[in-house]
Amino acid sequence: MRLERGLTQAQLAVNLGLKSQSTVAMWENESRKPPSTILPRLAAELGCTVNELYTHAPPGRDSA
């Protein structure tokens, strides 16, 4: 979804007030999950609902 919006990991991190783009990278490689408190802001930045954050399948992956 981030790529569909034309955002880099660093841009998304700045928009969300995160200290580092590595946080976004960890979310994307599934080594960490975003805290529930940030999900509404993340959804707003990506132009989706919180539910869509859980159901959107990345390119090349099937949705669960």
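In helix α3 of this predicted model, the buried residues are L39, L42, A43 and L46. Viewed down the axis of α3, these buried residues fall within an arc of 100°, so they line one face of the helix. An α-helix has 3.6 residues a turn, so residues three or four places apart point the same way. The buried residues of α3 pack against α1, α2 and α4, the last of which spans residues 50–55. After α3 comes G47, which has a positive phi, near 65°.

Helix α1 covers residues 9–16, and its buried residues are Q9, L12, A13 and L16. Seen down the axis of α1, they too lie within an arc of 100°, so they line one face of the helix. Their packing partners are α2, at residues 21–28, and α3, at residues 39–46. Just after α1, G17 adopts a positive phi of about 75°.

The table sets out the two helices and the glycine that comes after each.

| Helix | Buried residues | Glycine after the helix and its phi |
|---|---|---|
| α1 | Q9, L12, A13, L16 | G17, positive, about 75° |
| α3 | L39, L42, A43, L46 | G47, positive, near 65° |

One residue of α1 may be considered in detail. Q9 belongs to helix α1. Is Q9 buried or exposed? Its relative accessibility is 19%, and buried means under 20%, so Q9 counts as buried. When neighbours within four places in sequence are left aside, Q9 is in contact with R2, Q21, V24, A25 and E28.

Key: Residues numbered from 1 in each chain as written. Predicted model: local features only at pLDDT ≥ 70, side-chain atom pairs only at ≥ 80, totals over all residues. Heavy atoms only, no water. Buried < 20%, exposed > 50% of the residue type's maximum accessible area, 1.4 Å probe, protein only. Helix = DSSP H or I, 4+ residues; strand = E, 2+ residues; numbered from the N terminus. Arc of directions from axis to C-beta. Contact = heavy atoms within 4.5 Å.
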